[in-house]
Amino acid sequence: SVLPLYNPMEFAESWAAIDQLSGGRAVVAIGAGYNRDYLRAFGIDGARYRRRFAEAAEVVRRAWTRRSPWSYHGQIFTFEDVRLLPGAVRESGPSLWIAGQSPWAVKYAAEMGDGFARDPFPITSEAWRERVATVRADAARRGLAAPEIVLLRHVYLTEDPAEADAVLEEVCLPQFRFYEGAGLLRGRLAQ
């Protein structure tokens with residue numbers, strides 16, 4: 001989820017409900033977003049999206065972990081004497097994974113996340129190893145345990161190769177072409 005698009009209390013409440021339904025097994029992946037035009041379409045100031053993300057992530061964590069009323073006063077969000085009911089199953093709340101590809105996201109994952117999920121864009125094995133080493137080194141420098149790390153990939157299972165090709169053509173390729181046009185794939189998309 002692109003967290004800056006949401007009210008963090010609504011986001012926390014939705015995921016607390018999912019956590020309750022799953023018996024405490026929810027894993028939530030959040031990202032800051034990257035496309036300022038996209039953020040602007042939702043009324044989000046593109047110049048402050050990282051601040052909005054950081055504050056929202058802090059509010060979400062508090063909402064999941066505080067059992068008594070609490071307050072938050074940030075630059076973007078303010079909540080006074082609030083409490084989330086029902087709360088998350090575990091006292092630590094659902095696992096909160098940071099998703100992204102920027103150096104900022106990598107550092108934030110090491111600092112605040114239970115895990116780091118690399119976006120499903122093509123990435124070289126060298127770049128992947130560099131991101132993993134950075135997350136682990138940043139966590140160690142802060143005296144924190146390294147978060148879990150995964151590389152996300154699109155998967156579609158079917159026994160019919162024609163169906164798989166159709167899904168690739170209709171769903172995946174348009175998305176990848178959009179990201180390529182935004183400069184995120186650096187022209188690596190095969191035609």
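Select Asp114, which counts as partly exposed at 31% relative accessibility; here buried means under 20% relative accessible area, exposed means over 50%, and partly exposed covers what lies in between, computed with a 1.4 Å probe on protein chains only. Keep in mind that this is a predicted model, in which local features need a pLDDT of at least 70 and side-chain atom pairs count only at pLDDT 80 or more, whereas totals for chains, interfaces and linings use all residues. Residues are numbered from 1 along each chain as its sequence is written, and side-chain values use heavy atoms, with hydrogens and water left out.

With Asp114 still selected, add Arg61, because Arg61 at a relative accessible area of 16% is the buried partner to inspect. The two side chains meet in a salt bridge, 3.3 Å from N to O, the term standing for a side-chain nitrogen of Lys or Arg within 4 Å of a carboxyl oxygen of Asp or Glu. Arg61 belongs to helix 3, while Asp114 sits in the loop between helix 4 (103-112) and strand 5 (115-118), so the salt bridge ties together parts that are 53 residues apart in sequence. Helices and strands in this tour are DSSP runs numbered from the N terminus, with helices being H or I over at least four residues and strands being E over at least two.

Move next to Arg142 and Glu111, another pair joined by a salt bridge, in which the closest N and O atoms are 3.3 Å apart. This pair links distant parts of the chain, since Arg142 is in the loop between helix 5 and strand 6 (148-151) and Glu111 is in helix 4, with their positions 31 residues apart in sequence. Arg142 counts as partly exposed at 39% relative accessibility, and Glu111 is likewise partly exposed, at 39%.

Step back along the chain to Arg141 and select Asp138 with it, where the closest N and O atoms of the salt bridge are 2.1 Å apart. Both residues lie in helix 5, three residues apart, about one turn of the helix. Arg141 is exposed, with a relative accessible area of 62%, whereas Asp138 is buried, at 2%. Adding Lys107 to the selection completes the group, as Lys107, Asp138 and Arg141 are linked in a network of salt bridges. The structure as a whole holds seven salt bridges.

Stay on helix 5 (residues 125-141) and pick Val132, which is found there. Val132 is buried, with a relative accessible area of 12%. If you then draw a C-alpha to C-alpha distance from Val132 to Pro147, the value is 9.9 Å, for two residues that are 15 apart in sequence.

Now show helix 1 (residues 8-21) together with helix 3 (residues 49-65). Two packed helices are described by the angle between their axes and the distance between the axes. Helix 1 and helix 3 pack at an angle of about 45 degrees, with their axes 9 Å apart. That angle makes helix 1 oblique to helix 3. The axes are lines fitted to C-alpha atoms, for helices over the stretch in contact, and the angles run from 0 to 180 degrees between N-to-C directions; under 35 degrees counts as roughly parallel, over 145 as roughly antiparallel, 65 to 115 as roughly perpendicular, and the rest as oblique. Helix 1 passes helix 3 in a right-handed crossing, the near helix being turned clockwise from the far one by less than a right angle, as opposed to anticlockwise for left-handed.

To see which residues meet, select Pro8, Met9, Phe11, Ala12, Trp15 and Ala16 in helix 1, and Ala56, Val59, Val60, Ala63 and Trp64 in helix 3; contact means heavy atoms within 4.5 Å. By class, the contact of helix 1 with helix 3 has 11 nonpolar, no polar and no charged residues, with Ala, Val, Leu, Ile, Met, Phe, Trp, Tyr, Cys and Pro counted as nonpolar, Asp, Glu, Lys and Arg as charged, and the others, Gly among them, as polar.

Two backbone stops follow. The peptide bond from Leu85 to Pro86 is cis, with omega near -10 degrees, and Pro86 is placed in the loop between strand 3 (78-82) and strand 4 (95-100). In strand 3 select Asp81, a residue other than glycine whose phi is positive, near 55 degrees; at 58% relative accessibility, Asp81 counts as exposed.

Finally, zoom out to the protein, which has six helices and six strands and spans about 55 × 40 × 35 Å along the principal axes of its C-alpha trace. Buried residues make up 41% of its 191 residues.
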